[in-house]
Every structure is written in structure tokens, then in C-alpha cells.
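Thanks for coming. Please look at the structure on the screen while I go through a few of its parts.

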Amino acid sequence: MLVRSLGLAATLLVAGWLSGCGASFPPLSPDATASISADGSASGAAYPTTGSEKPDGMPTPFGDPNATASGAGGREVIQNPTVADIMAPSPLPEMSWGRPDAPVTIVQYASLTCPHCRNFHQTTFPELKRRLIDTGRVRYILREFPIGKTSGNATIALRCAPPDKYLELYGKFMDQQASWVSQEVRLDAIYAVARQVGMTRPQFDACLQNQGMIENLKWVKDRGRKLGIVGTPNFFIGTKLIKKELTFTEIADYVEQASRNGTPTAAANP
């Protein structure tokens, strides 16, 4: 579904549509990291931390962008991930919207407690969905990258929602961050959001004890780290990894680039 040079989720659009608009886009800085929430134990790991966490809270390889797995505590980071690397089969279903064979695929990595993810969801995603996803030009994949224990618990609940309620619940967690996000995990506040899509308290409580789900979510996050994800939101568009919150104009430019380069994102997904 994507090509060589990735890092977190984002892929979109059709070149014809962009050229038809006659849009002129400013140059982008794909490595900008100012507008992301950084991963690391300093903010409280979503799941138990391990010896691979440095004192500064950043997983070992991310203290040095050129580091790869070597010796104890190291994490492998793929320097130039291929489409196959990005779209490696997951133990959890990919949560995606849009045509499976859309010309471009966007992969976004998000944490439910991330304010930049909230802003993106509220200000950019509606236009992205209306103009690119709903029209069949883009397939959008949302992958979980929980940062902090509160985000970890909310993410488990999110995955327990029916698939057709996933994006709705994701939006509610984003829109209502102020009501449930805090340094201490407040399960009642998290459940107050989850029940808005019909989840019962017994379902919610059972979900948080689902060790299989927890292990699978760990796999999703670890896969993201291996691809170079360092925080949220991070995006893959084609095989290009963008480590910052994007505007719609920036997304359109990256999508145009992916289309022009013939990034075979759709073909990689059966």
C-alpha cells in the first residue's frame, strides 16, 4: 500500500484533481517535529515500560536518528521502509475509510490524548474526508500509537467498539479530551465517552482486561516505532514519513507528489 521512505501514516489524492484546481503549494519541511506529541516514558507509557527506554523518556533508537537495533535494549528502525514494510499484516484489522483501491493511501498514527491530533481531527480531517476520502480519491488508515497510560486505556476501549462506531468514538475522544484526560487514569471519565456509542459498563470493564487486545495494540505501536514513528500525529503518504500536524493544503501537495511519483500504495493492499 505504500513505498520506500515512510514513517507514520499518511497517503492521498489524485493528481488530476489537484492540477484541475490549479493550486500552488509552498515547500514543505517533512522532518518538522514541533507540532507533535512525543512518545516516551516521561509522559507515562501506555503499557509497561522496558529497559529500552532512556532516562529522557525516548525509546533508544530515537535518541539517535541513525541508530538501529544493536545489542541489548536496542530497537530496530527501518531506515527506508517499503510499502510491504508499512503494510505488514497486523494482528488487528486496519481501521480504514475510503475505497480499498483508491489511488493514494494515507496512514495516520495518533494518540487519543494528543492535542495536535485533536486539532487535526477538528480542523483538517473534515475537509480531507469530504474532498478526498468520500470521493474515492484517498484511502485513509488510522493506526493507534497511545502515549501515556490514560491514552492506552482509552485506546483499548476504542478498539472494543463495533467497527462501524470506531471513527465516531475516536472523534468523541478527541472532541471531549478536556473531560477525560488527566495525569491520573480516570476510568469512569473514559467510560463516560465510550458509553456514548452504546458500550455498556460490563463491556468496557471486560475490554480493559482483554490481554489479547492489549498485546495486539502493543504490536501496532511497536510496528510504528520500527517504521520511524516518534510521536503523534505522524503520517505516511506514499512512502514519505511526515512527523508533524498537517494542513489540508500540505496534504494535497504530498498527495500530488505521491501520485506524480506513481507510489503504488493501493496495489500493495489486496
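This is a predicted model. I will start with one residue, Thr 113, which sits in the loop between β3 (104-110) and α4 (115-123). Is Thr 113 buried or exposed? Its relative accessible area is 19%, and the cut-off for buried is under 20%, so Thr 113 counts as buried.

What does Thr 113 touch? Leaving out residues up to four places away in sequence, Thr 113 touches Ile 147, Thr 150, Ser 151, Gln 177, Trp 180 and Val 181. With Ile 147 there is also a polar contact: a polar atom of the Thr 113 side chain lies 3.4 Å from the backbone oxygen of Ile 147.

Next, the nonpolar cores. In soluble globular proteins, nonpolar side chains tend to be buried together. In this model the largest nonpolar core has 52 residues, and the members that touch the most others are Leu 128, Tyr 170 and Phe 173. Which helix gives this core its largest share? That is helix α7, residues 166-175, with 6 residues. Another core lies apart from that one; it has 13 residues, including Met 87, Tyr 109, Ile 141 and Leu 227.

Now the cavities. How many are there of 30 Å³ or more? The count is 1. The volume of the largest cavity is about 40 Å³. Its lining is made up of Ala 110, Ser 111, Leu 112, Leu 142, Arg 143, Glu 144, Thr 155, Leu 158, Tyr 166 and Tyr 170. Two or more of the lining residues come from each of β4 (138-144), α6 (149-160) and α7. The largest share is that of β4, with 3 residues. Note that Tyr 170 has come up twice: it is in this lining, and it is one of the residues with the most contacts to other members in the largest core.

Last, helix α11, residues 211-227. Its 17 residues reach 24 Å from the first C-alpha to the last, close to the 24 Å expected at 1.5 Å a residue. At the N-terminal end, the helix is capped by Asn 210, with a side-chain oxygen 3.2 Å from the backbone nitrogen of Gly 212. Just after the helix, Gly 228 has a positive phi of about 105°.

Which residues of α11 are buried? They are Met 213, Ile 214, Leu 217, Val 220, Lys 221, Arg 223, Gly 224, Arg 225 and Leu 227. Leu 227 is also the one I listed earlier in the core of 13 residues.

That is what I had. Thank you.

Conventions: Residues are numbered from 1 along each chain as its sequence is written. This is a predicted model: local features need pLDDT of at least 70, side-chain atom pairs count only at pLDDT 80 or more; totals for chains, interfaces and linings use all residues. Side-chain values use heavy atoms; hydrogens and water are left out. A nonpolar core is a set of buried Ala, Val, Leu, Ile, Met, Phe, Trp, Tyr and Cys residues joined through side-chain atoms within 4.5 Å. Buried means under 20% relative accessible area, exposed over 50%, partly exposed in between (1.4 Å probe, protein chains only). Helices (H or I, at least four residues) and strands (E, at least two) are DSSP runs, numbered from the N terminus. The expected span of a helix is 1.5 Å times one less than its number of residues. A polar contact is a pair of N or O atoms within 3.5 Å; within protein, one must be able to donate a hydrogen and the other to accept it, and residues adjacent in sequence count only if both atoms are side-chain atoms. Contact means heavy atoms within 4.5 Å. On a 1 Å grid over the protein atoms alone, a cavity is a set of points where a 1.4 Å probe fits but cannot get out, and a pocket is an open set with protein on both sides within 12 Å along at least five of seven lines; lining residues have an atom within 4 Å of a point. Grid points are joined across faces, edges and corners, and a volume is the space filled by probe spheres set on the points.
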